[in-house]
Amino acid sequence: MINLTINQKPYSIDADPEMPLLWALRDLIGLTGTKYGCGVAQCGACVVHLNGEAVRSCVTKVSRAAGQKIVTIEGLSKNNDHPLQLAWNEISVPQCGYCHSGQLMSAAVLLRENPNPTDQDIDNAMAGNICRCGTYPRIRKAIHLAAELQKKEREAK
Amino acid sequence: MSTKQVSRRDFLRVSGLAGTALCLGFYFPSSAKDAEIINTTGITSSEVELNAWIHIDTSGKVTIFNHRAEMGQGSFQSVPQIIAEELEVDLNDVNIVFAQGNREKYGNQVTGGSSTIRSSYKNLLKLSATARVMLITIAAQKWNVNPAECYAASGHVFHKVSGKKFHYGELVEQAAKLSPPKEVILKKTSEYKLIRKPLLRQDTPLKTNGTAVFGLDKKLPGMLYATVERNPRLRGIVKSYDDAATLKVPGVIKVFKVRMGVFKTFREGVAVVANSTWAAMQGKKALKVEWDDSGFEHINTAEIYQRQQDSLQTQEGLFAKKQGDPDAILKQAEKTVDVVYQTPYQSHSCMEPVNCVAHYQGDKVEIWGPIQAPEWVQDYISEQLNLPKEKVIVNMTFLGGGFGRKAFMDYPHEATMISKEMNAPVQVVWTREDDATQGPYRPGISYRCQGAINDGIVTALKFRMAGQNNDHWRSGKTDQANRSTSEGFLKPYYDSIKDISFAEVQFETPIPTMWWRSVYASTNGFAYESFLDEMAIAAGKDPLALRRQYLQEERSQLLIDKMEEVSGWKHRKKNEGFGVAITECFASTVGQIVKVSRAADGKIKIDQVWAVMDCGWYVNPDIIKAQVEGSIVMALGAATIHEITFKDGLVEQSNFYNYKMPRITDIPPIEVYIMENEADAGGVGEPGLPAFAPALTNAIYDLTGKRIRKLPFDLSAV
């Protein structure tokens, strides 16, 4: 059995230790928000946080994640109200929406590390995430908005 | 027209709704063109086909059934936005549910041709207004006042004088007993409160927290997972296979041969069924299959284009459209231009790879998946499995991209056959490699374009196209010219240039092809709009002025005014390249201007894209802008980054490392403008795509004098 802590909840699964975390999340645990896009760390649809770092769950063995702190899109916020989620809604970023779990998880690390990213910072941080619908101009815009929202949130506290 | 018994009980069962409610649908009398609204609440029997439903329950909640797929284009938002406007309800109170595939009930459900709004908005407006009028009628009766003294707003009927009000839920029971009025007065555009407003999409919250259910997210109790090793040469059969290593992979349950239909042809593969996607993928890797693809050509990309271009020099082809006698004009012309353009095969590469869940249960099969054409799937599976149509239940999930790929029936058919073999629900997952290497693809096409100029006037145009015809895959018929040969070309040109012809020089390969966003306009547009640029140069005219000269009707002139105004076309400077292209498809016209320059490192840089969309009547300007932005990004990839090529019958690309996608770092600033008019609604999801590539290459010509006639090209190498 492999013990995992996902979105602050404990799970115990019977999985091949070689199985990528992506498929353990989706098929064994039933958290389907994390997406399969390429299987080879090219598209970013499967990004989750492992101890706060953005990792490609399609190439991360489930055994490597054992005992670590995993956050998936389902755990990004309790009420869909992370500044990025609010900004994504306000700017109507997603079209088909399939890649956006990964986009948001990548952006969340950026925003935590760099609360005031420039366009260039955003491009550097988000270049690993493909969006076939071409929502890139809105992703950029929404990250700037989320940065503002995050600032206001912090000031309010 | 078939006869369909629709009972109230059936309706409630199908819709999953219960309780006293007002239900309205469309009635399409076979003799008349316009749909009539009918009250389906108490219907027990009649010869009706119901195309869409609106349902209001006693709590006032409104449910509508979206008969079309949501693949990013926004039907999930725009359809409720129309209904809420005339029904006078708050958008938050409208619940939208995906309808199942059913031609008898919903008519054409194929989500393609950018048709959802343009084919249904008039009926949706009338349907919603009818419900509103019926609710007002009942309220007026209850108050014993003239209905003219009443109005509806936010899900209530109000009496103007007394200020009394009823919630819709309090009225539905009695309204359900009324016959719908024959005529209702619809709002004027100026009266709209929701339509034409950039309202936020209702599906966004579902797509920011992982709750939207895409095909790949569908789970059923006891569901198994399957992958399939399919013939890498796209056609032919399994000669033999060795599954010894596969069966040793933990989790693998069964390995067997599976056959699926690809329109009129069949493809074989070997299915690996397991208890997780990962195990199925590992099992597939361990499989050894020997293929028999004799009888099918093992084609190379270079040969494809050589053959196309040779035939364009020697054959006239079948005319798709012809007016006047362009050959005669060309012979006597003062100046002629005769050039060939080439466009590549492309993969749809939806971010959600192809997948499907099927549950075969002996006398019926139920399917869930990212499906663009649910009733095609229903028809096809019913035919292939010899099941009555009502025993083939096709459910649409959200689609993680579609672009035409998911209007194919191959993957639901294959999933059904695998479920049948397993006697269990099975999800068939295509790997990214399967998705990239198996097609169907946008066909690669060559165009020969000839034009005549006399005294600086364009006097004749002759276009010939050689490329695979998507329709042949569907119909099996090859005796007609491709009816999309002139797609993308603006109709007003036919009035000002009297001698024009379009012909298809037929070309076939074993490669499966299918609609790819904006379909033939995506490639025609590059050839025809680049060629008009060449004609402008040859005639000594400004390229935008040439469009103005030959596109004389009012909408085109206004579009050109707008393009000129927003781009500053007349004030362009030295060291700036400006390119223009205007294309029309699915009843909308889009003009684009691209500005390029040389960056400090000497490479071409796209400084700005301006796009102007004329789609007539529209619902949500923000969705239109998003669709045009996305179309431009997709067009940028297809023009400058990726292509599918073949070597010895095998596709050479397999994943995003060799079929690269545009990324956030590649995107130029894009401004989108929408023309305001009252014309009939046109499409939105696709028409923004075709004009980009020619506007870009025309801009590069303007800057460098280098004419690009072959896509894709490397922007950094120009």
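Visitor: What makes two residues count as a contact, and which residues of α16(B) meet which of α20(B)?

Guide: Two residues are in contact if their C-beta atoms, placed from the backbone, lie within 7 Å; by that rule B:G525, B:F526, B:E529, B:S530 and B:D533 in α16(B) meet B:A693, B:P694, B:T697, B:N698 and B:Y701 in α20(B). This is a predicted model, in which local features need pLDDT of at least 70 and side-chain atom pairs pLDDT 80 or more, while totals for chains, interfaces and linings use all residues. Residues are numbered from 1 along each chain as its sequence is written, and chains are lettered from A in the order in which they are written.

Visitor: What makes α16 and α20 of chain B helices, and how many helices and strands does chain B have?

Guide: Helices are DSSP runs of H or I with at least four residues, strands runs of E with at least two, numbered from the N terminus; chain B comes to 20 helices and 28 strands.

Visitor: Why is the crossing of α16(B) and α20(B) called right-handed or left-handed?

Guide: A crossing is right-handed if the near helix is turned clockwise from the far one by less than a right angle, and left-handed if anticlockwise; that of α16(B) and α20(B) is right-handed. With axes as lines fitted to C-alpha atoms over the stretch in contact, and angles running from 0 to 180 degrees between N-to-C directions, the two axes come within 8 Å and cross at roughly 30 degrees.

Visitor: What does the radius of gyration of chain B agree with?

Guide: Taken over C-alpha atoms, the globule rule is 2.2 Å times the number of residues to the power 0.38; for 718 residues a compact globule would have a radius near 27 Å, and chain B has 27 Å, which agrees.
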